[in-house]
Amino acid sequence: MTDALIHIQNLTKIYGKGEAVVRALDGLDLTVASSEFVAVMGPSGCGKSTLLNMIGALDQPTEGEVWVNGENLARLKDVDDFRAKTVGFVFQLHNLLPTLSAQENVEVPMYGHVSGRRARHERAAHLLDLVGLGDRLDALPGQLSGGQRQRVAVARALANDPALLLADEPTGSLDSQSGEEIMDLLAELNQSQGATILVVTHDRRVAQATQRIVRMKDGRVVSDHRLADPLEEDLRMLARSRLGQAVLGKNGLEADYLSPEEKTILKKLLARVEDRSTFTMIG
Ligand code: ADP
Ligand code: MG
């Protein structure tokens, strides 16, 4: 239907009946492209978890459509297969199995999807290495810090190489230092692996690590800010620097060490970003 990774139209979720009725989602629209890193923010009870659950096919809409990775979730042939392979979930509480090692915990979702004991074992070790726990493969959850346990949960979410990582307040139960490290890890996975990530967070600072901030209220999206891309940020900084000003010829400085071609190229780049605002409103 669309080449967006997530495409949501008029999504409505009503819980309960009669007096007790709650519109957890109320005609929500949202589109997320592949490789985006999106923060979802909003007051408690505004429907953030409900939204993630719908995208992960953990629950069904009352109305509206959810497409993920080219599939209409209402028409999934194999829901279990979708949950296991297309999405990886990280929750506020890591819910690792306490009697299994870090490596075994990461292997659990692979059963039935990655064949061969050895392949599972190696993949789990690779993923734990990726999240910075390559030297704690045999540790039980109880022997790890809260931040480390959440890293294991991230590795476990990546077990079947999902198209999409969904994280519901993954830093909520962590101290601020460990929380920041988890967000850095997600940013790193987004940049180095091209992982598409949707993360629910209350922390403004944490949300700044993402490229886009979607704000919800009463079951709807009320604002959708896309941060300028990092290259553009760097260029803007350069434009304001002495070198940039010299190249642009504003204050009579000469950038002697640049060739005329280099100056022309730099001038064009700087001119492109000079007057744009940091935030672009969309939607
Ligand atoms: P958030 O994650 O933004 O805090 P939720 O998505 O958990 O919000 O909840 C949105 C609304 O739906 C809340 O009013 C909540 O009480 C209600 N709700 C969520 N899940 C259920 C449920 N299973 N049954 C009834 N009401 C629910
Ligand atoms: Mg929630």
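These are my notebook entries on one predicted model, from the whole chain down to a helix and a ligand site.

**Entry 1: the whole chain**

I started with the overall picture. The model is predicted, so I kept to local features with a pLDDT of at least 70. I counted ten helices and eleven strands in the chain. The C-alpha trace spans about 70 × 50 × 35 Å along its principal axes. Of the 283 residues, 35% are buried. I also looked at contacts with a separation of 6 or more: 68% of them join residues 24 or more positions apart.

**Entry 2: an open sheet**

Next I followed the strands. In what order do the four strands of the open sheet stand? I read E2-E1-E4-E5, with antiparallel pairing. E2 and strand E5 (71-72) are at the edges with a single partner strand each, so one side of each has no neighbour in the sheet. Inside that order, strand E1 (residues 6-15) and strand E4 (residues 63-68) are antiparallel and joined by five bridges. I noted one pair by name: Ile8 has Val66 in E4 as its bridge partner.

**Entry 3: a parallel pair**

I then moved on to strand E6 (residues 87-90). Its side chains alternate: Val87 and Phe89 point one way, Gly88 and Val90 the other. Are these four residues buried or exposed? All are buried, whichever way they point. E6 pairs with strand E7 (residues 164-168) in the parallel sense, over four bridges. Phe89 turns up again here, with Leu166 in E7 as its bridge partner.

**Entry 4: helix H6**

I gave helix H6 (residues 176-193) an entry of its own. First I checked its length. At 1.5 Å a residue its 18 residues should span 26 Å, and the end C-alpha atoms are 25 Å apart, which agrees.

Then I listed the buried residues of H6: Gly179, Ile182, Met183, Leu186, Leu189 and Asn190. Why do I place them on the same side of H6? They cover an arc of only 115° around the axis, which puts them there. I looked up what covers these buried residues, and the cover includes strand E3 (37-41), helix H5 (146-157), E7, strand E8 (196-200) and helix H7 (204-207). E7 is the strand I had already met as the parallel partner of E6.

The face turned away from the buried side carries Gln177, Gln191 and Ser192, which are exposed. I checked Gln191 by its count: it has 12 C-beta neighbours inside 10 Å, so it counts as exposed, the cut-off being 12 or fewer. I also took one distance from Gln191. Val40 is 151 residues away in sequence, and the two C-alpha atoms are 19 Å apart in space. After H6 comes Gly194, with a positive phi near 70°.

**Entry 5: around ligand 1**

Last, I turned to ligand 1. Which residues surround it? I found Tyr15, Gly16, Val22, Ala24, Gly42, Ser44, Gly45, Cys46, Gly47, Lys48, Ser49 and Thr50. By type, the shell has four nonpolar residues, seven polar and one charged. Which elements supply at least two residues of the shell each? They are strand E2 (22-32) and helix H1 (48-55), and H1 gives the most, with three residues. E2 brings me back to Entry 2, as it is one of the edge strands of the open sheet.

Definitions and conventions:
Residues are numbered from 1 along each chain as its sequence is written. Chains are lettered from A and ligands numbered from 1 in the order in which they are written. This is a predicted model: local features need pLDDT of at least 70, side-chain atom pairs count only at pLDDT 80 or more; totals for chains, interfaces and linings use all residues. A residue is near a molecule or strand if its C-beta atom, placed from the backbone, lies within 6 Å of it. Ala, Val, Leu, Ile, Met, Phe, Trp, Tyr, Cys and Pro count as nonpolar, Asp, Glu, Lys and Arg as charged, and the others, Gly among them, as polar. A residue is buried if 20 or more other C-beta atoms lie within 10 Å of its own, exposed if 12 or fewer, and partly exposed in between; C-beta atoms are placed from the backbone. Two residues are in contact if their C-beta atoms, placed from the backbone, lie within 7 Å. Two strands pair if DSSP finds at least two bridges between them. The expected span of a helix is 1.5 Å times one less than its number of residues. The arc is that of the directions from the helix axis to the C-beta atoms.
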